[in-house]
Amino acid sequence: MNKTVKITINGEIFEQSVPIRLLLSDFIREVAGLTGTHISCTYEGVCGACTVQLDGAAVKSCLMLATQADGHEVTTVEGLAKDGKLSPLQQAFNDHHALQCGFCTPGILMNMDEFLKKHPNPSDDEIRTGLIGNLCRCTGYAHIVDAVRDAAKRTR
Amino acid sequence: MTTKTGTNWVGAKYNRKEDHRLLTGKGRYLADLSMPGALHLVFVRSEQAHARIKKIDVSAAKKLPGVVTVLTGEDIKNKIKPMPQPVVQPALVAKYPRHWPLAVGKVKFHGEPIAVVVARDKYVAEDAAELIQAEYDPLPYIGDPEKALADKSNRVHEEWDDNIIFEMTFTGGADDASRAKNDAEVERIFKSADVVVRQRFRTHRCGMTPMETRGALMSWDDSDGLIAHVTTQRPHIDRLALSDILDIPAEKVRVIAPRDQGGGFGVKAPFYREPILVAYLARELKRPIRWVESRQEHLMAVSQERDQIHDIEIAASKDGKLLAMRNRGIADCGDGCEGVYWGFLMPFLGSVELPNAYDWPIGDVKLKVAVTNKSALSPARAFGELPTRFAMERAIDLVAKKCGMEPADFRRKNLVAHLPHTSITGEYFDSGDFLKVWDNLMAQVDLKGFRREQEAARKQGRYLGIGFGLGVELSGVASELLVPMESQPGYGAATVRVDPRAKVIVFEGDAPQGQGHETTVAQAVAGAFGIHPSDIVVTTGDTGTTPFGSGTIGARAGSYFISAAVMACAELKQKISRFMIHDLKIENATQDDFEFADGEIVYKKNSNIRKTFREMVERIIMAPINMPAGESGGLEHTAFFEAAKPMICFNADCAKVEVDIRTGQFKILNWTTSEDVGQIINPQIVEGQMQGAVIQGLSNTLFEQFIYDENGQQLTADFENYKLANAADVPDIKVTHAPTPCPYTPLGSRGIGEGRPSSVPGTITNAVCDALSPFGIEIAELPLRPNQIWQLIQNAKKKAAD
Ligand code: FES
Ligand code: FES
């Protein structure tokens, strides 16, 4: 069964008839062609690689159907840099070597982008707790914590 | 604008070139690639651990609209050659199980592929897979490696006469007589030694599962052949293997590792069965085929390592000198059906590396590897040696305590003091200074102060502990080891192509997965040519354009690949210099008299004589007339690097913990390391490798575990049940350096990172046991979990009360 949905992704409207069982993560990757949103735990909601923002709130896009995002605004990692300039958070990730393979990175950015809005001056413990929903296999997390702390400073 | 000069790029903090695309969602991982008309392939996997296949009913699946084809083992067994094939078979004497990419006759582990569905839509492919019904006749599950070794009637591979895939003696020379003499001497020492420790150590099944699963996207063209995009650490080996197995002429197979791969850590190094089917179907159907592994399949079929038992004995003198060791290792290698590694190469290398950096006069080291009804062990960073390092580092603590010595002092006293050195198992240590690394660690940690703090804390009922561990690791894998071990060459290869606009392209046949090769090799090449790293691009992993390489394995980049690139640059610089001498008519100059810095080439004896790099490059490539005698135009060179002997790096760890004896929970107070990585190319990347490796080691030790129940059902095939460390679970690591440049690489660099997790489980367990020393608790089994610690405390209290 299909349903027509209208989802705004990074400011662009996608109006499309889709199977009702289509996951939001697949809509983003396959319908919108935005492959920065990744799948790692394969739809369990554990790894956080598929994290996007729905109306500004970080959500795991593999745990939602595309139809549930109908009428909403989605921001993906492709929507973070403005006019070709990295956001302070993205730049801090580069400066602190907070990514290796980069597979977890888009989800972490989308989660931490929202986190920093709520916690403009986070402690390291708060950052680490905020990252619980994002698994990273490469970095051991220390550089990610450094980058988020520094991004908070740069944004304040 | 000031630019850095000459070789200053080597050793500089330089932000990674890879990052911009990865931070903006523009990475190109396997699942991001597409081909028009690609079909989706899904595997159906066995629900039983050991059973004869009676029937697989695919009729309902075939009828589902959108399904293109369904195949079982019976459909392919006469069409695809079985493994093993020589290109993915080691030269070591072992049994190599015959198998096809889909089970034929019987299934051998829970998760073995039994059928494959190809459909136009991936949701439909999953629906069809659900409709496939398999009927089985169950066979007894073979799950205990020790029992499997003794059992000749129940066999995983029925064509064998037992369940032993591999056994080996690592000490005492090449023939039986010298081994018998060696073993008798070891026995004599044990009989007369002042101090003897005997202990069994058990490491659990766990591995390095990367965040990106495996996958493949392949297409076929009758004239061009196969284009195979596949998640892999060794595209050139995959190419040869696909060619041999599917009888496709090698020139018609092009394997391309995606530019971006979401981690590998060894898991993407084997030649697995799944890509064989993807290639076969692309050719049969003449349509592109795409397979993206689910996490559940991944955790069922691959990423499992470490499953070893070690019965270790150590003899020492009372004043704390090691006299001899004896070890009987057993490994549970699963069904062993896995190209290149066959489940047993990891325990093999683990035994080779058992002696670690200690100076053993003599030893007797033997290993037996059993096949069982589990997934074949697949390699994981700290390849095979995480278990033997755990056993050795724990055993060293036990011996030290029996000698009445601080484990730290005992370690220092028994470290190999002079390199080069060949270990009792034949491993060659080329260079470095273990004592310097050790003393640097001790300078960071204030052991005496900690002992005072520990004593004071105990009076308040708080249990602090300190633990040490160390590891000598491979820096690249020399042909000397890789040819017998995997039938592959160890050399590093790089093509350096200078283009007419003075930009440089480096071609690498290996396939990185996050290690930052694009940045580190750019720094090395920028240093060589005196240009900026942003002028250098790197192409990796495409067998159609890159020189042959055995793969991104065993810390080969800093040691072998970058050395090859630097050698290629040196060759090109000499050519450019010869043109300088000729064009500028410099008298008595040699090709070594020029410095390449800041975009210029300067005659060292008269710095007024100079040209820009770009001028010279354009001249040689675009205006190849009036040349020096015997020269040709163009600037491109491929170099192969191999040191005469294997090379190593070295590291040591110290952890401080506090254990809560009411719950068995413990907190890591701090973790300090000391490293010899030789000449550092990029300090931030080195730091990242170390942070990541130590946390992976901790995650393996504390959280991860693959569990099979009594029927061989694997219970941990998702991230809910197979827990990885998250950010709140782990500490920050303090990484310090005590480097000795490697004399055998052009930059003095060492390959790092691969073996790095191996010292972690011993270090942390030693710290916990040190904290619990008032209870006399000695832990010999992993994982290290609060419930185990709590139980041991209860047992100790009970014993004390009785
Ligand atoms: S793929 Fe969505 S949380 Fe893992
Ligand atoms: S950078 Fe590789 S998983 Fe996080």
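Between chain B and chain A of this predicted model, the count is 5 salt bridges. One of the charged pairings joins the side chains of A:Asp26 and B:Lys122, which meet in a salt bridge at 2.9 Å, N to O. Across the interface of the two chains there are also 33 residue pairs in polar contact, both residues of each pair being at pLDDT 80 or more.

On the side of chain B that touches chain A, four helices each supply at least two residues, namely helix 1 (19-23), helix 4 (122-131), helix 9 (295-301) and helix 19 (683-702). The largest share of that side, 11 residues, comes from helix 19 of chain B.

In total, 57 residues of chain B are in contact with 49 residues of chain A. The two chains bury about 4,200 Å² between them, and 53% of this area lies on carbon and sulfur atoms. Within chain B, the residues that lose the most area to chain A are B:Leu23, B:Tyr123 and B:Met211, which together make up 19% of what that side buries.

The second largest pocket holds about 600 Å³ of space, and its lining draws on both chains, since helix 4 (124-130) of chain A and strands 26 (648-660) and 27 (665-676) of chain B each give two or more residues to it. Strand 27 of chain B provides the largest share, 4 residues. Of the 21 lining residues, B:Phe666, B:Lys667, B:Ala728, B:Asp729 and B:Val730 lie nearest the centre of the pocket.

The table sets out the residue classes.

| Set of residues | Nonpolar | Polar | Charged |
|---|---|---|---|
| Side of chain B that touches chain A | 19 residues | 23 residues | 15 residues |
| Lining of the second largest pocket | 11 residues | 2 residues | 8 residues |

Technical notes:
Residues numbered from 1 in each chain as written. Chains lettered and ligands numbered in written order. Predicted model: local features only at pLDDT ≥ 70, side-chain atom pairs only at ≥ 80, totals over all residues. Heavy atoms only, no water. 1 Å grid on protein atoms, 1.4 Å probe; cavity = no way out; pocket = protein on both sides within 12 Å on 5 of 7 lines; lining within 4 Å. Points joined across faces, edges and corners; volume = space filled by probe spheres on them. Nonpolar A, V, L, I, M, F, W, Y, C, P; charged D, E, K, R; others polar. Contact = heavy atoms within 4.5 Å. Buried area = accessible area lost by both parts, 1.4 Å probe. Salt bridge = Lys/Arg side-chain N within 4 Å of Asp/Glu carboxyl O. Polar contact = N/O pair within 3.5 Å; in protein donor to acceptor, adjacent residues only side chain to side chain.
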